[in-house]
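I opened this notebook to record what I looked up in one structure. I proceed from the overall fold to single residues.

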Amino acid sequence: MRASIEVVVVPVTDVDRAKRFYVEQLGWTADHDASPTPDIRFVQVTPPGSGCSIAFGTGLSEMAPGSLKAVMAVVDDADAARQELLDAGVDASPVDEQGWGRFVTFADPDGNRWTLQQLPHRG
């Protein structure tokens, strides 16, 4: 089976606050914001350069807000990514140096935790 992960659902309590965080603070692209029924609101945003988006809203998930803790995105430069987060007012961890990469973590307003990985130099 060939499969392409293209959307990850992120559980949030306040859709508008989450949208402000991801779009205005992080600078991710707002792709969709639709309410096809009174019980559903679907917001989809995409990090610049990513082939995978995130979605959040109402009526999308049974996960508790803030329970997503294991999404990792790859960046070219962990130090630069951390500085961008800090400049945007996002609390980011110091760069964690490991043999398999350099890592920075941050959380959205609900506590969903993200990890940014700079891959080790190969070759």
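**Overall fold**

I began by counting the elements of this predicted model, and I found 2 helices and 8 strands in the protein. Reading from the N terminus, I noted the order β-α-β-β-β-β-α-β-β-β. I then asked how the radius of gyration compares with the globule rule. The radius of gyration is 15 Å, close to the 14 Å that the rule gives for 123 residues, so the protein is as compact as a globular protein of that length. Along its principal axes, the C-alpha trace spans about 50 × 40 × 25 Å.

**Surface and contacts**

I next looked up the accessible surface, which comes to about 7,400 Å². Carbon and sulfur atoms hold 51% of that surface. Buried residues make up 35% of the 123 residues. For the contacts with a separation of 6 or more, I recorded that 50% join residues 24 or more positions apart.

**Helix H1**

I turned to helix H1, which covers residues 15-25. Which of its residues are buried? I listed Val 15, Ala 18, Phe 21 and Tyr 22. Viewed down the axis of H1, these buried residues fall within an arc of 130°, and they therefore line one face of the helix. I checked what covers them, and the cover includes strands E3 (40-46), E4 (53-58), E7 (101-107) and E8 (113-118).

I also examined the two ends of H1. At the N-terminal end, Asp 14 acts as a cap, with a side-chain oxygen 3.1 Å from the backbone nitrogen of Asp 16. Just after H1, Gly 27 takes a positive phi of about 80°.

**The nonpolar core**

In soluble globular proteins, nonpolar side chains tend to be buried together. I therefore looked for the largest nonpolar core, and it has 24 residues. The residues with the most contacts inside this core are Tyr 22, Leu 26, Ile 54, Phe 56, Leu 85, Phe 106 and Trp 114. I noted that H1, E3, E4, strand E5 (71-75), helix H2 (78-87), E7 and E8 each supply at least two residues of the core. Which element gives the most to this core? H1 does, with 4 residues.

**Leu 85**

Finally, I followed one of these core residues, Leu 85. I left aside its neighbours within four places in sequence and asked which residues Leu 85 is in contact with. The list consists of Leu 26, Val 90, Ala 92, Val 104, Phe 106 and Leu 116. Among them, Leu 26 and Phe 106 also appear with Leu 85 in my list of the residues with the most contacts inside the core.

Key
Residues are numbered from 1 along each chain as its sequence is written. This is a predicted model: local features need pLDDT of at least 70, side-chain atom pairs count only at pLDDT 80 or more; totals for chains, interfaces and linings use all residues. Side-chain values use heavy atoms; hydrogens and water are left out. Buried means under 20% relative accessible area, exposed over 50%, partly exposed in between (1.4 Å probe, protein chains only). The arc is that of the directions from the helix axis to the C-beta atoms. Contact means heavy atoms within 4.5 Å. A polar contact is a pair of N or O atoms within 3.5 Å; within protein, one must be able to donate a hydrogen and the other to accept it, and residues adjacent in sequence count only if both atoms are side-chain atoms. The radius of gyration is taken over C-alpha atoms; the globule rule is 2.2 Å times the number of residues to the power 0.38. Accessible areas come from the Shrake-Rupley method with a 1.4 Å probe; for residues, only the protein chains shown count as cover. A nonpolar core is a set of buried Ala, Val, Leu, Ile, Met, Phe, Trp, Tyr and Cys residues joined through side-chain atoms within 4.5 Å.
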